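Please open the structure in your viewer and keep the selection panel at hand. The tour goes from one selection to the next and says at each stop what is there.

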Amino acid sequence: MSVELNHTIIHSRDHRESAAFLADLLGLEVGPEWGPFVPVVLANGVTLDFAAIPEESITPQHYAFLISEAEFDTAFGRIQELGIAYYADPHLKLPGEINHNDGGRGVYFPDPSGHGMELITRPYGG
């Protein structure tokens with residue numbers, strides 16, 4: 001059997017809000033709530049299970065998504081439309097810019113719980 005990531009849990013202030021936020025930006029579906037989780041399934045079958053926990057217990061994490069150029073256009077348009085702060089770098093030193101690393105495009109932005117989200121159109125080193 002090959003090893004694959006099946007799911008991961010993302011701590012959130014409001015699990016419904018965070019799941020809907022990401023699903024809306026990436027054109028995905030929010031699945032039915034299952035126990036304490038609100039799932040968002042990615043194209044490769046990995047499930048992001050959003051779970052609500054107290055805000056002071058959330059440790060910001062980084063989540064990067066490889067998407068197509070067309071998906072980037074749509075998602076980046078939504079980021080701009082919603083007035084979400086975005087950056088070209090993970091250190092948040094280049095506000096209002098995107099990057100063109102490895103011949104693609106990339107952008108960093110926060111989700112509603114403060115996690116660092118990243119969209120890229122080319123894998124690093126590619």
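What follows is a walk through two hairpins, a loop, a pocket and a cavity.

Before selecting anything, note that this is a predicted model, in which local features need pLDDT of at least 70 and side-chain atom pairs count only at pLDDT 80 or more, while totals for chains, interfaces and linings use all residues. Residues are numbered from 1 along each chain as its sequence is written, and side-chain values use heavy atoms, with hydrogens and water left out.

**First stop: a hairpin**

Select residues 37–41, which form strand β2, and then residues 47–52, which form strand β3; helices (H or I, at least four residues) and strands (E, at least two) are DSSP runs, numbered from the N terminus. β2 and β3 pair in the antiparallel sense over 5 bridges, where pairing means that DSSP finds at least two bridges between two strands. To see one such bridge, pick F37, whose partner in β3 is A51. The two strands form a hairpin with 5 residues between them, and in the turn G45 has a positive phi of about 90°.

In β2, 4 of the 5 residues are buried; buried means under 20% relative accessible area, exposed means over 50%, and partly exposed lies in between (1.4 Å probe, protein chains only).

Next, select T47, which lies in strand β3. Is T47 buried or exposed? T47 counts as buried because its relative accessible area is 16%. Leaving aside neighbours within four places in sequence, T47 is in contact (heavy atoms within 4.5 Å) with N6, H7, T8, P39, V40 and V41.

**Second stop: another hairpin**

Move to residues 106–110, which make up β5, and to residues 116–120, which make up strand β6. These strands run antiparallel and are joined by 5 bridges, and P110 stands opposite G116 in β6. β5 and β6 form a hairpin with 5 residues between them, with G114 in the turn showing a positive phi of about 90°. β5 is mostly covered, since 4 of its 5 residues are buried.

Now select L119 in β6, which is buried because its relative accessibility is 0%. The residues that L119 touches, not counting those up to four places away in sequence, include L26, F65, I67, F72, A75 and I79, as well as R105, G106, V107 and F109. If you also pick A64, you can see that its C-alpha atom and that of L119 are separated by 5.8 Å, although the two residues are 55 apart along the chain.

**Third stop: the loop between α2 and β5**

R105 is placed in the loop between α2 (69–81) and β5, and it is buried because its relative accessible area is 18%. Which residue joins R105 in a polar contact between side chains? The partner is D73, at 2.7 Å; a polar contact is a pair of N or O atoms within 3.5 Å, of which, within protein, one must be able to donate a hydrogen and the other to accept it, and residues adjacent in sequence count only if both atoms are side-chain atoms.

In the loop between α2 and β5 you can also select L92 and D102. Most residues other than glycine have a negative phi. L92, however, has a positive phi of about 60°, and D102 has a positive phi of about 55°. L92 is partly exposed because its relative accessibility is 47%, and D102 is partly exposed because its value is 33%.

**Last stop: the pocket and the cavity**

On a 1 Å grid over the protein atoms alone, a cavity is a set of points where a 1.4 Å probe fits but cannot get out, a pocket is an open set with protein on both sides within 12 Å along at least five of seven lines, and lining residues have an atom within 4 Å of a point. Grid points are joined across faces, edges and corners, and a volume is the space filled by probe spheres set on the points.

The largest pocket holds about 360 Å³ of space. Of its 14 lining residues, L42, A43, F65, L66 and I67 are the closest to its centre. Strand β4 (residues 62–66) gives the largest share of that lining, 3 residues.

The structure holds 1 cavity of 30 Å³ or more. The largest cavity has about 40 Å³ of space, and to display its lining you can select N99, N101, D102, R105, G106, I120, T121, R122 and Y124.
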